[in-house]
Amino acid sequence: KTRKTLTISVISILLLLLIMIIPTISSLGIDIAKASWNPYYFFTRQINTFQIVQRVESLNILAWFMAIQLKLALYIYMASQTLSSVFKTKTHKGFSLLLTAVLAVVVLLPNMTNSSTVEYIRSSILYIYISFIFMLV
């Protein structure tokens, strides 16, 4: 079951990359694509859809964000399935929650310094990170 999920996710990620790479290189050229920091974003900024959608790159960023969430969810799922089979448990849900909590701590720790920890915890920025974590669960 885990191998099937891994195979499907790798194939879908490769297809999405090909869908992004082929039009970008064919319209911009290899030289501009190599020189640009993000050639696909540069490519989507060039698209004009006859005033229907003013800024196509915002849709690109939205799709990019959802793809990142999908990748993180698949990685957490595969890791929890692996841990579940290693420890021979009936379900993987406990490992999913544990891995999500560990990843949340790993993401939040570099942003905190000793002097600003309390202010950071009280700020609204922490709420954004916590809500992002709960979207993955």
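**View 1. The largest pocket of the predicted model.** The largest pocket has a volume of about 570 Å³. Lining it are 22 residues, and L16, L17, M20, W64 and A67 are the closest to its centre. Three elements give two or more residues to the lining: α1, α3 (39-45) and α4. Of these, α1 gives the most, with 10 residues. A pocket is an open set of points on a 1 Å grid over the protein atoms alone, where a 1.4 Å probe fits, with protein on both sides within 12 Å along at least five of seven lines; lining residues have an atom within 4 Å of a point. Grid points are joined across faces, edges and corners, and the volume is the space filled by probe spheres set on the points. This is a predicted model, in which local features need pLDDT of at least 70 and side-chain atom pairs count only at pLDDT 80 or more, while totals for chains, interfaces and linings use all residues. Residues are numbered from 1 along each chain as its sequence is written, and side-chain values use heavy atoms, with hydrogens and water left out.

**View 2. A nonpolar patch on the surface.** L6, V10, L14, L17, M20, I21, I25 and I30 make up this patch, with about 650 Å² of accessible area together. Helix α1 (residues 2-28) gives the most, with seven residues. One residue in helix α1 is L14. Patch residues have over 30% relative accessible area and no salt bridge; nonpolar side chains (Val, Leu, Ile, Met, Phe, Trp, Tyr) are joined within 5 Å, like charges within 9 Å. A salt bridge is a side-chain nitrogen of Lys or Arg within 4 Å of a carboxyl oxygen of Asp or Glu. Accessible areas come from the Shrake-Rupley method with a 1.4 Å probe; for residues, only the protein chains shown count as cover.

**View 3. T24 and its contacts.** T24 sits in helix α1. T24 is buried, at 4% relative accessible area (buried: under 20%; exposed: over 50%; partly exposed: in between; 1.4 Å probe, protein chains only). Beyond neighbours within four places in sequence, T24 contacts G29, P39, Y40 and F43 (contact: heavy atoms within 4.5 Å).

**View 4. H92 in a loop.** H92 lies in the loop between α4 (56-86) and α5 (93-108). Residues up to four places away in sequence aside, H92 touches Y77, S80, Q81 and S84. The C-alpha atoms of H92 and Q81 are 5.6 Å apart, with their positions 11 residues apart along the chain counted as separation.

**View 5. The whole fold.** The protein has seven helices and zero strands. Helices (H or I, at least four residues) and strands (E, at least two) are DSSP runs, numbered from the N terminus. Buried residues make up 21% of the 137 residues.
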